[in-house]
Each structure stands twice: as structure tokens, then as C-alpha cells.
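Visitor: Could you take me through one part of this model in close detail, with the cut-offs behind each term? I would like to start from a single residue and work outwards.

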Amino acid sequence: MSTAAMRSGNVMTQLDQNLRSLRPAGLLAVGLALCVTVVLSLVLVSGMAFAQGDQSRQLTVGDVVSGTLDSDVFVQVYTFVASTGDTISVDVTTEVEDLGIVLLVADQNGNIVAQDADASTSGASVADLAIETDGTYFIQVLRASGAEGDVSGDFELELSGTIQLSGDTVTLQDGGIAIDLTWAEAVDLNLEVRDPVGGTVHAFSPTAPSGGSLSADVNGECQDTTADNPTETVSWPVGEVPAGSYEIIVHYFDACGIGGPQEFQLDATVNSGTTQSIPGTLNPTQEYLARLIVEPNGSWTLDNGGVNAGLDVSLFSAEVADADPIAVGTTVSGTITNAEPAQAYTFDGTTGTPVNIALQAQSGSLDTYVALLGPDNTLVASNDDAGDSTNSGIDFTLGADGTYTIIATRYALAIGGTEGDFTLSLTTGTAETPTDTTGTPVPAATAADAGETTALTPGSIEVELTWPTNADLQLNVRDPNGDTVYDDEPEIASGGLLESVGNQNCTDTTNSPVSYIYWPANRSLLPGTYEVEVWYQDNCSDNTPVNIALRVDVGGQTIINTPQQIPLNAHFMITFTIDQSGTATAGNGGFFDMSTANTLNYQNQLDSATPVQLGSTVSGSITQDQPFELYSFEADAGDVVDITMTATGGTLDTALFLIAPNGFQAAYNDDIAVGENRNSAITETTLSSSGTYTIIATHYGLNLGGTTGTYTLSLSQP
């Protein structure tokens with residue numbers, strides 16, 4: 001793209017000449033005046049695409065995208081990268097017969113290499129285009145009448161074909177690659193595999209140019225469901241396949257009315273070798289990641305990842321400590337691998353400066369993710385996908401003077417499987433993320449509550465949540481005494497008050513809601529750890545994606561200012577701690593799911609679990625440094641057990657998990673009685689197999705929780 005951008009003037013001239021040559025070939029039917037309109041519009045829009053290097057419309061083989069043509073937008077431009085020897089096909093379909101679609105494919109020099117200029121048909125296609133030169137190619141989809149007329153309509157574009165494998169490959173002679181996903185209920189789980197060269201195989205794209213294919217979408221859309229060993233397989237045939245990292249994603253797509261956690265098993269076989277397996281558990285809407293590593297010499301391993309239940313860039317503290325400087329207005333290059341899943345860069349910024357950060361993949365399968373840390377190393381902005389691409393970008397106005405850190409990483413961070421080279425650009429510009437850049441406390445803002453605009457009350461501690469949709473989100477703040485301010489408990493003993501509740505119960509909703517909790521300005525700061533939670537309860541019939549802005553001020557200083565995209569039913573949590581001097585420090589933040597223990601990353605500590613006997617009671621403690629403790633016991637299939645965890649000191653809000661000998665989660669409990677008894681109990685549980693069981697004693701919020709204290713844990717038979 002950079003080479004094409006440098007030559008944008010020559011490209012537009014050449015493109016103009018080529019377009020004019022089209023008129024005798026097929027556009028004559030739409031009239032000379034309309035043809036000129038199309039030519040001019042295409043030159044302008046294509047020139048803009050070349051000059052800007054727009055990556056948001058970059059396609060890969062197998063992609064299907066949709067667009068709209070009308071009198072305002074009468075041409076849509078897409079790009080793809082191809083190599084000599086590739087064969088590409090482009091198909092554009094529409095249900096609007098009068099739209100008169102014209103399809104052009106141009107190389108990076110502006111030369112038309114293929115076209116379907118017959119405007120008398122409803123769609124257009126280019127079949128089996130042989131690529132003769134490496135580079136970026138441009139697809140233009142036009143409305144034949146240009147800006148004239150009032151015909152409008154949607155279209156769908158599919159890019160297909162075969163590519164020559166680049167990079168390392170391996171020839172499998174005895175057997176190909178087979179990745180099997182098996183589960184045991186009539187629910188819809190989806191298997192997705194992303195190959196090392198950027199191809200993807202899943203239910204909505206069942207083949208990849210590298211040769212991968214999906215056997216079937218079992219229980220898809222909850223139609224003709226089966227509980228009889230449902231299995232999906234993604235495979236590559238015998239022969240030459242890409243070597244490298246294959247990212248495996250298991251999606252719990254739909255509970256199909258059954259609900260609850262779902263146990264599954266991943267099995268992988270390469271070249272008829274011994275099968276390697278990973279068991280796991282998912283809850284509805286969750287994703288589980290693993291990766292298959294195939295070496296050029298034919299050796300291979302199946303590596304476990306875990307549940308992608310939140311993006312916690314604090315995992316990259318070592319990279320942040322060793323960050324490289326980046327100057328504003330420059331672009332740097334780097335590489336993301338499984339061994340080094342992140343790179344960090346620092347720059348000095350001043351309050352009120354708008355910055356633009358663009359992280360773009362340049363090779364391999366890399367699916368980028370970018371995060372921005374403030375001068376205190378707390379997360380202030382992040383992005384996974386910018387626009388229609390898997391590249392990432394942040395537009396943000398800096399809220400304080402100091403040194404900022406950019407983390408360049410990938411989807412699912414350390415447990416992800418995509419790899420490749422990237423470029424990272426840092427520029428100044430107009431920010432799109434609304435941010436208070438004055439450093440003043442929240443009271444200077446206004447809140448829309450049930451359609452009214454009111455000033456927020458000043459406070460010694462202020463927690464403000466805003467979002468731009470009609471959805472109902474709940475804001476909870478728990479103080480160091482363990483008391484929580486929220487809509488059912490608007491005032492607590494330490495002075496915490498709920499002043500504003502946005503879109504509560506989907507009543508009198510607004511698309512500019514604010515929830516606001518504060519401690520009065522005349523109250524002294526209670527030292528200890530505070531827990532802030534955001535729960536997306538109901539979309540209130542508004543399906544717009546929800547981007548929240550969560551801000552915490554302590555003593556007039558902003559210590560948390562984090563934008564996040566939050567899905568329906570998700571929980572986001574972040575803590576902050578106030579010491580005896582009144583200094584506040586933000587803790588880690590992220591998403592969590594109390595129905596699964598996977599985010600605790602307990603698996604590598606199972607051997608250190610403390611043995612307990614049936615009929616015994618033990619004591620323990622949960623701290624910020626030790627958010628869980630493990631216990632083990634031996635049992636036989638058919639045994640029935642009770643496990644109870646009772647808080648005995650501190651602010652501890654307990655939680656319990658039971659892990660079976662095969663590694664699957666067998667049971668869990670958060671509260672014995674929600675709103676009444678926040679101790680935890682797993683009762684009258686019949687064990688399905690013999691062997692060693694593991695009990696996980698933890699707290700609400702898992703690795704993000706803020707409550708701590710002592711407890712007793714009892715194991716008995718009813």
C-alpha cells in the first residue's frame with residue numbers, strides 16, 4: 001500500500017485512461033453522460049483509496065462482504081493482496097435488478113486487469129483471474145448510472161480462488177491435518193481454525209485457500225440438533241500445507257434453549273500421528289482458544305490456551321518495562337509470535353493532545369489488538385478491530401502530561417495463535433473518543449438521567465459510567481468494608497451514594513445515559529480496596545454495540561478513565577486502592593465470568609493442591625496476591641459430596657468450583673442465596689468418575705476481585 005500511495009497521482013491518471021477505454025466494451029448502453037459520471041466518480045473515490053491506503057476494506061480469499069450503492073455512494077472500493085500464480089474470482093450479487101452493477105479489478109498501478117461492464121445484468125463477476133504480479137489489487141463496485149437517478153440497493157461481494165502457499169510449508173504424506181471438536185448436548189458449538197497464512201475455516205466460511213475445510217455445521221442455528229456425540233472437524237488433506245501456528249477457537253454460539261456450561265474435547269492428528277487432546281468447558285457466548293503448531297520438519301504439538309474471558313494487558317508488564325521509544329509522526333515495524341505475543345512502545349504526551357494509533361498486520365495470520373496505557377500504566381484505550389478489518393486503531397485525546405505506552409499485540413493476547421509482521425503508526429489528529437482533558441473532577445460534567453440534564457454532585461470519590469445507547473447497564477461500587485452501592489442499595493454506611501441511574505429497567509431510556517456513584521466531599525477517604533463493576537443487563541431493544549466510558553476520580557484526580565466495548569450479559573470489573581495518606585492507585589481491570597474458573601489459570605498449580613479428607617474442615621485466606629487456593633480429595637464414581645465455603649473475616653465474598661479428574665468443571669457456586677447469603681456451597685453433587693477432584697476456593701470477580709479475608713472450607717457427604 002505504501003508504494004501505491006506514493007504514486008497516487010500517476011495511478012489516477014492511468015485509471016482515468018483505462019476507464020475511458022471501457023465505454024465501447026460495455027458501458028455504451030448506459031449512455032455517454034452517465035459513463036462520464038461513473039468515470040469521474042471512480043477516479044475520485046479510487047484516488048482517495050490509493051492515497052489514504054485504506055486498510056478497513058482489505059479482503060482475503062473466502063471473505064464475503066456487503067455494501068450499498070445509491071446516489072450519494074455510487075462506488076465502493078475494496079483491496080486484496082495477491083501473488084504471482086494465484087487465481088482469483090470476484091462475484092457481486094444483488095436483488096435490485098435496476099442497480100446495474102459494474103465490476104472492475106485494477107492492479108496497484110491503476111491498470112484494469114479484469115472487468116464485467118455489462119450493466120444490463122443485476123450482478124457482476126470476474127472468474128478465474130490469473131495473477132501475474134505480486135501486489136495489492138483494487139475491486140471497484142459501481143452503480144452504472146453514477147450520481148444520476150434514484151435507484152439504490154444492497155449488494156454482496158465474495159472473493160474466492162486459490163493461492164500459492166507462501167512462507168514455510170510441510171508435505172504430509174501419511175495423513176493430513178484433522179482437528180475434531182466433540183461435545184455432548186444439543187447446543188450449537190462452532191469450531192474455527194485460522195491457518196498460518198491468514199485463511200479461516202468456520203461455519204460461515206467453510207473452506208480456506210490453503211486447503212482447509214469444515215465437515216459440517218453441526219447443530220447450526222439450533223436446527224435438527226443432536227445430543228448424540230455432535231462433532232465438527234476442520235481438516236487439511238494429504239500434501240503440502242502451511243507450517244506454523246494454527247489458531248483454534250471454540251465458540252459457544254447458541255444454547256438452543258438448553259443452557260448451562262458445556263464440556264467439550266478437542267482432538268488433533270497430523271500425518272496420522274498419535275492423537276493429542278484437550279478437554280474444556282464453556283458457557284454460552286464464551287470462546288475457548290488453543291493452537292496447533294506444525295513445524296516444517298513435520299513435528300507438531302497441540303497447545304492449550306483457555307477461555308477468552310477478558311483482555312488483561314497487565315500480563316505484558318515485562319514488555320512494558322522494556323518498551324522502545326516511538327516518535328509522534330513515525331511508523332515502526334515489529335513481529336508478533338507465540339513466543340513474543342506483544343511489543344511495547346513509549347511516547348511523551350501532553351494534556352489535550354489528540355493522537356491516532358494504527359496497528360496493521362503485514363504478513364502471516366496476525367489479527368492485531370492495540371492498547372494504550374496512561375502515565376500511571378493504567379489502561380486508557382484499546383481496540384481489536386477497526387472498521388471492517390482485523391487491523392486495530394485508537395483515536396484518543398490525552399488526559400494528562402507524561403509518558404504513555406502503546407502495546408502492540410494480537411487477538412486473545414498470550415493465548416492467541418495468530419502470528420506475523422506489523423507496522424505501528426503514531427500521529428496527531430482529531431480524536432473521536434470523547435475524553436475530559438482538563439483533569440478536573442466529574443462534577444464539571446453533566447448527566448442525562450431519564451431525559452433530564454443535571455449537574456453531578458461533587459465528591460471525594462466519584463465513579464461515573466456513560467454509554468451511547470438505550471441499554472440498561474448496572475454500576476456497582478463496593479467499599480473496603482464490603483458494602484456495595486448500587487440501584488437496590490443507594491446509600492451505605494461509609495457515605496457512598498447513588499445519584500444517577502441510567503436506563504434502569506429499560507424505563508424512560510435515553511441514548512446518553514449516566515450512572516453516578518460518589519462519596520460526599522466532606523467525608524474523609526476510607527482507606528482500602530474499592531471494587532467497581534459494570535454489568536450489561538438488558539439491551540432494551542437497542543442492538544447497537546455498547547461502548548462504555550468508566551471514570552473514577554479520587555480527591556479531584558482521575559485515576560481510572562477506561563473505554564471498553566461490552567457485550568450483553570458481560571461483567572467488567574476494576575479495582576482501586578486508597579492508602580492511609582489518601583493516595584489512590586488503580587488495579588487491574590477486565591471481563592470475568594463467575595460460571596467458569598478458567599480465567600484463574602489454576603491448571604499449572606494442580607499438583608500443589610492441599611489434600612483434604614471427607615468429613616474435614618480446613619481454613620484459608622484470600623488476598624490480592626493470592627486470589628484462590630486449591631484443595632484435592634479422592635473419590636469414587638457415584639459418591640455424593642457437599643462442599644461449603646464460609647467467610648470468617650475481612651470483606652471476602654466467596655466463590656467455589658469443583659474440577660473433575662478429567663479436567664472438566666463439574667460444579668460451581670457463587671452465592672448460597674443471592675442477596676441474602678454470599679457464602680458458597682456445592683451441595684448433593686453426585687460424582688461421575690473415580691479419581692482426584694480439585695476444589696477451587698476463590699472470591700467474586702475471580703482474578704479481578706477486590707474482596708479479601710479468611711474462610712473455612714468443609715467437605716462432607718450428606
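Guide: Gladly, and a definition comes first: a polar contact is a pair of N or O atoms within 3.5 Å; within protein, one atom must be able to donate a hydrogen and the other to accept it, and residues adjacent in sequence count only if both atoms are side-chain atoms. This is a predicted model, in which local features need pLDDT of at least 70 and side-chain atom pairs count only at pLDDT 80 or more, while totals for chains, interfaces and linings use all residues. Residues are numbered from 1 along each chain as its sequence is written, and side-chain values use heavy atoms, with hydrogens and water left out.

Let us start at Thr707. The side chain of Thr707 reaches the backbone nitrogen of Asp653 at 3.1 Å. Thr707 lies in the loop between β50 and β51 (709-716); strands here are DSSP runs of E with at least two residues, helices are runs of H or I with at least four, and both are numbered from the N terminus. With a relative accessible area of 2%, Thr707 is buried, where buried means under 20%, exposed over 50% and partly exposed in between, using a 1.4 Å probe and protein chains only. Leaving aside residues up to four places away in sequence, Thr707 touches Arg478, Glu531, Ile622, Gln624, Thr651, Leu652, Asp653 and His699; contact means heavy atoms within 4.5 Å.

Two of those neighbours, Arg478 and Glu531, deserve a closer look. Their side chains meet in a salt bridge, 2.8 Å from N to O; the term needs a side-chain nitrogen of Lys or Arg within 4 Å of a carboxyl oxygen of Asp or Glu. This pair links distant parts of the chain, with Arg478 in strand β34 (residues 472-478) and Glu531 in strand β38 (residues 528-538), 53 residues apart. Arg478 counts as buried because its relative accessibility is 7%, and Glu531 is buried too, at 5%.

Next comes β50, the strand before the loop of Thr707. Strand β50 (residues 691-699) runs antiparallel to strand β45 (residues 628-635), and eight bridges join them. Within this pairing, Tyr631 stands opposite Ile695 in β50. Both strands belong to an open sheet of five, in the order β43-β45-β50-β47-β48, with mixed pairing; two strands pair if DSSP finds at least two bridges between them. At the edges are β43 (610-611) and β48 (665-669), each of which pairs on one side only.

Now back to salt bridges: a search of the whole structure finds five. One of them joins the side chains of Arg194 and Asp367 at 2.9 Å, N to O. Here Arg194 is in strand β12 (residues 188-194) and Asp367 in the loop between β25 (354-361) and β26 (368-373), 173 residues apart. Both Arg194 and Asp367 are buried, and a network of salt bridges links them with Glu247. Asp553 forms another salt bridge with Arg551, the closest N and O atoms being 3.1 Å apart, and both of these residues are buried.

Finally, a backbone detail after β38: Ser541, in the loop between β38 and β39 (546-554), has a positive phi of about 65° although it is not a glycine. Most residues other than glycine have a negative phi. Ser541 counts as exposed because its relative accessibility is 73%.
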